[in-house]
Amino acid sequence: MNKEINIWIGNGFQADRKLLTEGAPYYYGSNVSNALINIFICSGIIGTFIFIYINLKIIIIIFKFLFIEKIYKNFNTNFALIISINIILLLFLRCLVENSISYYNLDMIIYLMCVFIIDNKRKII
C-alpha cells in the first residue's frame, strides 16, 4: 500500500494502521487516536461528511431535549433518556482523543443503544 490517501473514498478499514506502520519507527503507536481523522483516512470525504451529518443531527436533538423541553425537570420519568444523552456526550468527548465510535467495538454498541433510546422518544432516523 502506498502512503497516499484516497481523498474521496478513503483507503478502507483500519487504513490508519497501515499508513502509520510503514517507514519510520512508530513511537506513539500504530493508529490515529481521533475519530474524525480516523474516519477521514478510512472512508474519505464522503464518509466524513456522513459521520458529521449524523452526529450533528443527534446533537441538535440532544440540545432540543436539554434546553427546549427541559427534560431534567422530570428526572424520574426521563431517566433512560437523560442517561443516554449523558453517555452520548461522553462518547463524543472520547472521540477527540480515541477512536471511540469509529470502530466496531463496545463503544459503538453503547452509542447505538443510546441513539435507539433517543430515537424512541423523538423520531430522528
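**A chain of four helices**

In this predicted model, residues 24 or more positions apart account for 56% of the contacts in the chain with a separation of 6 or more. The secondary structure comprises four helices and zero strands, and reading along the sequence gives the pattern α-α-α-α. Of the 125 residues in the chain, 34% are buried.

The packing of the helices may be considered next. Two packed helices are described by the angle between their axes and the distance between the axes. For helix α3, residues 79–94, and helix α4, residues 106–121, the angle is about 140° and the axes are 9 Å apart. An angle over 145 degrees would count as roughly antiparallel, and one from 65 to 115 as roughly perpendicular. The angle of about 140° belongs to neither class, and α3 and α4 are therefore oblique to each other. Their crossing is left-handed.

Which residues in α3 and α4 meet? On the side of α3 they are Ala-80, Leu-81, Ser-84, Ile-85, Ile-87, Ile-88, Leu-91, Phe-92 and Arg-94. On the side of α4 they are Asp-107, Ile-110, Tyr-111, Cys-114, Val-115, Ile-117, Ile-118 and Lys-121. Sorted by class, the contact of α3 with α4 has 13 nonpolar residues, one polar residue and three charged residues.

Helix α4 also packs with α2, at an angle of about 55° and with the axes 12 Å apart. Because an angle of about 55° is neither under 35 degrees nor within 65 to 115, α2 is oblique to α4. Here too the crossing is described as left-handed. From α2, the contact is made by Asn-55, Ile-58, Ile-61, Ile-62 and Phe-65; from α4, by Tyr-111, Val-115, Ile-118 and Lys-121. By class, the contact of α2 with α4 has seven nonpolar residues, one polar residue and one charged residue. Tyr-111, Val-115, Ile-118 and Lys-121 of α4 thus appear in the contact with α3 and in the contact with α2.

The loops between the helices deserve attention as well. Lys-70 lies in the loop between α2, residues 35–68, and α3. Lys-70 is not a glycine, yet has a positive phi of about 50°. Its relative accessible area is 41%, so Lys-70 is partly exposed.

Glu-98 is placed in the loop between α3 and α4. With a relative accessibility of 33%, Glu-98 also counts as partly exposed. Where does the chain bring Glu-98 in relation to Ser-33? These two residues are 65 residues apart along the chain, and their C-alpha atoms are separated by 4.5 Å. When residues up to four places away in sequence are not counted, Glu-98 touches Ser-33, Asn-34 and Ala-35. Of these, Ala-35 stands at the start of α2, which covers residues 35–68.

The cysteines complete the account. A disulfide is a covalent bond between the sulfur atoms of two cysteines. How many disulfides does the structure hold? The number is zero. Are Cys-95 and Cys-114 buried or exposed? Cys-95 has a relative accessible area of 9% and is therefore buried. Cys-114 has a relative accessible area of 5% and is likewise buried. Cys-114 is also one of the residues with which α4 meets α3.

Notes: Residues are numbered from 1 along each chain as its sequence is written. This is a predicted model: local features need pLDDT of at least 70, side-chain atom pairs count only at pLDDT 80 or more; totals for chains, interfaces and linings use all residues. Side-chain values use heavy atoms; hydrogens and water are left out. A disulfide is a pair of cysteine sulfur atoms within 2.5 Å. Buried means under 20% relative accessible area, exposed over 50%, partly exposed in between (1.4 Å probe, protein chains only). Axes are lines fitted to C-alpha atoms, for helices over the stretch in contact, and angles run from 0 to 180 degrees between N-to-C directions. Helices (H or I, at least four residues) and strands (E, at least two) are DSSP runs, numbered from the N terminus. A crossing is left-handed if the near helix is turned anticlockwise from the far one by less than a right angle, and right-handed if clockwise. Contact means heavy atoms within 4.5 Å. Ala, Val, Leu, Ile, Met, Phe, Trp, Tyr, Cys and Pro count as nonpolar, Asp, Glu, Lys and Arg as charged, and the others, Gly among them, as polar.
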